[in-house]
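Student: I'd like a close look at a single part of this protein, a sheet and whatever sits around it. Can you walk me through it in one go?

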Amino acid sequence: SSPPPPPSECRVFVSGCYDILHAGHLEFFSQARALGTHLTVSFASTQVLMAHKGRPPSLPDEHKLELISALQMVDAVVVGTDCATLGLDFLAHFRAPGCQPPHLLVATTDDRYAAIKRELCESVGARYVVLPKTPPKFAPVSTTSILQRIQASIQAPAAVPLRVDFAGGWLDVPRFSRAGGFIVNCAVTPLVALHSWPYHLSGGLGGSGAHALLTGTGGRRGAVQAELDLGVGWQDPAVIEETGLCVWRSGNEPALEVKLEAAELLGGRMGIFWTGAPHDTPGTAKKPKDLDKIAEAGKRARDAAWARDFGGLAESVRMSYAVQLAEGMAELKDVEGAVAKKYLGGGFGGYALYLFGSRNARDSACGEAGGPDVRRVSKARMDIGGAGMYNMVTFPRVDDVPPILQKRAAVADLLQAGYSDKASFKEVRRRFGGGKTTSAVDRFNDRAKS
């Protein structure tokens, strides 16, 4: 209802939790105060919040009282302590002996307790006034969203690695996923943070997934969903949070098959190179792709990871590069000592991955010996279009998969591929060597047969 012209004295009353004060509250207080000559703000006490919401307030009552009292548009502050009726914790300030009820009880259009507040106003001769929502001066927030932001900022990491992908890229995009497909990638340093990003943007290194994790977008699940909403896949936030060199099964969501200590397979033989132009993964996702060839490369990389076979991993990178050339990407320049190369991420620009036959060959191409951090080299720099090669090592926090779990996964795959029990066991021993896990593998075979 529209308020009447204010009399010489018009007492205005508002109520709420006001658990964390924000600009929306201040705007509401100012609009309410403009309807009269005196504004009283009531906030729900700790016992009211505990009784009706099952939680204590974010600020103690005495702190909240002090904060609201200091606001220029507020003339008085009271604390609602009545737990009997939901939405009317301020009832005592209307009906207590000697209390003057307000002329106006003001609320917003989303007031859930409008009906009982109207009844209360009729019983004491006050008017219930609803203020329409006005366009905010800036993006509106709520107490709930502020709490979520605080929680996210506490839980979000201060820094994260980025990633390089060896083979199987695009099979993490749900619409491109396929049974029996694999994605193989690796988390890399230097770490990135919101205030420090030592890479070119739009480089194909999983930057959007890293940013989602840094801003606390619901942890890995939230970051994965943010990537899927962009029309791309889940591999970036998955490996960035997992770290290490990872083999993932293709599907609608991350499914880790095995994680290795990347140095065990790469041994300082990897570098990345800025091609001089950014790339657009969501745009690239719309281009035609040879998913069969991509799946073949992913399978080769997966087998190489299990066998700790650097040559097989390099072959999978070359297979991936052949697919990229067939898609119309420009050829990457040959680099002395490199045994494999490909565009990272969606390609058509961004960074390129180079694998070298030895650490010395990689260091020679970079112009500086490898260290614990990736960095742009400042002298003897190998230039392609003014861009520099980087040294690359893996993010150090890696918990390798226990050998028994590797063997169990290998046995399961071999049985599925048609190996007999004895043949599968011999193949596992060939891949991983002997050990004292024979009985465990046999027991796993027995369960697989049943």
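Tutor: Here is a walk through one open sheet, then the pocket that shares some of its elements, and last a word on cysteines.

Keep in mind that this is a predicted model. For orientation, the chain has 450 residues, and 46% of them count as buried. Its secondary structure comes to 17 helices and 13 strands. Of the contacts with a separation of 6 or more, 66% are between residues 24 or more positions apart.

Now to the sheet. Four strands make it up, in the order 6-7-8-9, and the pairing is antiparallel. The edges belong to strand 6 (160-167) and strand 9 (256-260), each of which pairs on one side only. On average, neighbouring strands here are turned by 25° against each other, with direction ignored. As a reminder, strands of a sheet pair through backbone hydrogen bonds, either parallel or antiparallel.

Let's zoom in on one edge. Strand 6 is joined to strand 7 (residues 182-192) by six bridges, in the antiparallel sense. If you want a spot to find on screen, go to Leu162, which stands opposite Val188 in strand 7. Then look for helix 9 (residues 235-242), which packs on the sheet. This helix touches strand 6, strand 7, strand 8 (245-249) and strand 9, and its direction makes about 120° with that of strand 6.

Strand 6 also leads us to the second largest pocket, where it gives the largest share of the lining, four residues. The volume of this pocket is about 630 Å³. In total, 40 residues line it, and those nearest its centre are Arg163, His279, Thr281, Gly345 and Gly346. Which elements give two or more residues to the lining? They are strand 6, helix 7 (207-214), helix 9, helix 11 (281-284) and helix 13 (310-326). So helix 9, which packs on the sheet, turns up again in the lining of this pocket.

One last thing, since you work at the bench: cysteines. A disulfide is a covalent bond between the sulfur atoms of two cysteines. How many disulfides does a search of the whole structure find? The count is zero. Two cysteines are worth a look for their surroundings. Cys17 has a relative accessibility of 22%, so it counts as partly exposed; the cut-off for buried is under 20%. Cys121 has a relative accessible area of 1%, and is therefore buried.

Methods. Residues are numbered from 1 along each chain as its sequence is written. This is a predicted model: local features need pLDDT of at least 70, side-chain atom pairs count only at pLDDT 80 or more; totals for chains, interfaces and linings use all residues. Side-chain values use heavy atoms; hydrogens and water are left out. Two strands pair if DSSP finds at least two bridges between them. Axes are lines fitted to C-alpha atoms, for helices over the stretch in contact, and angles run from 0 to 180 degrees between N-to-C directions. Contact means heavy atoms within 4.5 Å. A disulfide is a pair of cysteine sulfur atoms within 2.5 Å. Buried means under 20% relative accessible area, exposed over 50%, partly exposed in between (1.4 Å probe, protein chains only). On a 1 Å grid over the protein atoms alone, a cavity is a set of points where a 1.4 Å probe fits but cannot get out, and a pocket is an open set with protein on both sides within 12 Å along at least five of seven lines; lining residues have an atom within 4 Å of a point. Grid points are joined across faces, edges and corners, and a volume is the space filled by probe spheres set on the points.
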